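Notebook open, coffee poured. Today I am looking up how some helices pack and where the empty space lies.

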Amino acid sequence: MRRREFISLLGGAAAWPVAARAQQSAVPEIGFLNSASSDATKATVAAFRQGLAETGAIEGQNASIQYRWAEGRYDRLPALAADLVRRKVAVIATTSGIPPALAAKAATTSIPIVFTVGVDPVEVGLVGSLNRPGGNLTGVSILNVELAPKRLELLHELVPAATLIALLVNPANPNAETLSRELQAAARTLGLQLHVLRASTERDFDAVFATLLQLQAGGLVIGPDTFFVSRTEQLTALALRHAVPAISLYREFAVAGGLMSYGGNGTDAVRLAGIYCGRILKGEKPADLPVQQVTKVELIINLKTAKALGITVPLSLLASADEVIE
């Protein structure tokens, strides 16, 4: 081998790690902002990765994800969002309702944001229009808050003798006031009395269930909130211990032993958000991507829990259920 060729080979070998590092640093980073914890949202993360993969973006290969968890504390979201902005991520996915979406929106007007929310995103000021979002935000809307009156109706159908039903909301969630107002109206229509209870920390749960017993409430509607999702096991255990028939929008609640769940398919919404993030990585603009709406809803009944509570589930309701847990 000639000396010149040998030197060229050495030069190429020496340059390769530099080129490799440059290529590695060119892998786009995605910010993943969630109000809950990593343990409570494994299905959410899996659905998001699936959506990304459908566009060809694979975590650890040609894409990187920076995860930020608020652990149920909404007050941490602004700092977590600001941290993602400082990292100059290519896109931010907010996958747990209004609070992280609003925190991300307040943190940047230039980095694309893809949200999943259970309310009308126009009504809460995230976008100007569903078809033409404008700005740097787009995402997926799920039927959640709008279905709250139906959840009350379903619970009333299971416990028709109950005259007082309680609603649990997180006062730190922007949807709490709207939800309370809509359910009060629905309760009046059904001839029911609705009592609103509030919890934003684990310490509040014992007081909530003590109040339920004092009121002799016939059932509990659990409002849509990521903090409640992250404490599904605890809420389920308390409802069973105190023999309180309860309904949530989240499938995880019924699977964990809660009486019933009725709501939109959250994992599918997150998968769609993953697809949007992948498309943005390829150069599409959030302003040009219309907000998608997940309209399919699922009714899940835990028949084992119903029997433990002494509740007879009408055959018509069982027939309409998407899943019955026995």
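Entry 1, α5 and α6. I started with helix α5 (residues 148-158) and helix α6 (residues 176-190), in what is a predicted model. Their axes come within 9 Å and cross at roughly 40°. That angle is neither under 35 degrees nor in the range 65 to 115, so I noted α5 and α6 as oblique to each other. The crossing of α5 past α6 is right-handed. On the α5 side I listed Ala 148, Pro 149, Leu 152, Glu 153 and His 156, and on the α6 side Leu 179, Leu 183, Ala 186, Ala 187 and Leu 190. Sorted by class, this contact of α5 with α6 comes to eight nonpolar, one polar and one charged residues.

Entry 2, α2 and α11. Next I looked up how α2 meets α11, and found axes that come within 7 Å and cross at roughly 40°. α2 and α11 are therefore oblique to each other, and the crossing is right-handed. From α2, the contact takes in Ala 43, Thr 44, Ala 47, Phe 48, Gln 50, Gly 51, Leu 52 and Glu 54. From α11 I wrote down Thr 267, Val 270, Arg 271, Ala 273, Gly 274, Ile 275, Cys 277 and Gly 278. The classes for α2 with α11 are eight nonpolar, six polar and two charged residues.

Entry 3, α7 and α9. How do helix α7 (residues 203-215) and helix α9 (residues 232-241) lie, roughly parallel or roughly antiparallel? I found their axes within 11 Å of each other, crossing at roughly 25°. Angles under 35 degrees count as roughly parallel, so that is how I recorded α7 and α9. Their crossing is right-handed. Phe 205, Asp 206 and Phe 209 of α7 meet Gln 234, Leu 235, Leu 238 and Ala 239 of α9. I classed the residues in this contact of α7 with α9 as five nonpolar, one polar and one charged.

Entry 4, the largest pocket. I turned to open space and noted about 700 Å³ in the largest pocket. Its lining has 38 residues, and those nearest the centre are Thr 44, Val 229, Leu 249, Tyr 250 and Gly 266. Thr 44 was already on my list for the contact of α2 with α11. Which elements each supply at least two residues of this lining? I wrote down the helices α2 (42-54), α4 (98-107), α8 (226-230), α10 (251-255) and α11 (266-281), plus the strands β4 (113-117), β10 (260-264) and β12 (297-302). The lining of the largest pocket divides into 15 nonpolar, 18 polar and five charged residues.

Entry 5, the cavities. I also looked for enclosed space and found two cavities of 30 Å³ or more. The largest cavity holds about 40 Å³. Ile 222, Phe 228, Val 229, Thr 232, Leu 235, Ser 248, Tyr 250 and Phe 253 line the largest cavity, with α8 and α9 giving two or more residues each. By class, I put that lining at six nonpolar, two polar and no charged residues. Val 229 and Tyr 250 are also among the residues nearest the centre of the largest pocket, and Leu 235 is one of the α9 residues that meet α7.

The second largest cavity holds about 30 Å³. I listed its lining as Ala 239, Leu 240, Val 244, Pro 245, Ala 246, Gly 257, Gly 258, Leu 259, Thr 305 and Leu 309. These are seven nonpolar, three polar and no charged residues. Ala 239 had come up before, in the contact of α9 with α7.

How values were computed. Residues are numbered from 1 along each chain as its sequence is written. This is a predicted model: local features need pLDDT of at least 70, side-chain atom pairs count only at pLDDT 80 or more; totals for chains, interfaces and linings use all residues. Side-chain values use heavy atoms; hydrogens and water are left out. Axes are lines fitted to C-alpha atoms, for helices over the stretch in contact, and angles run from 0 to 180 degrees between N-to-C directions. Helices (H or I, at least four residues) and strands (E, at least two) are DSSP runs, numbered from the N terminus. Angles under 35 degrees count as roughly parallel, over 145 as roughly antiparallel, 65 to 115 as roughly perpendicular and the rest as oblique. A crossing is left-handed if the near helix is turned anticlockwise from the far one by less than a right angle, and right-handed if clockwise. Contact means heavy atoms within 4.5 Å. Ala, Val, Leu, Ile, Met, Phe, Trp, Tyr, Cys and Pro count as nonpolar, Asp, Glu, Lys and Arg as charged, and the others, Gly among them, as polar. On a 1 Å grid over the protein atoms alone, a cavity is a set of points where a 1.4 Å probe fits but cannot get out, and a pocket is an open set with protein on both sides within 12 Å along at least five of seven lines; lining residues have an atom within 4 Å of a point. Grid points are joined across faces, edges and corners, and a volume is the space filled by probe spheres set on the points.
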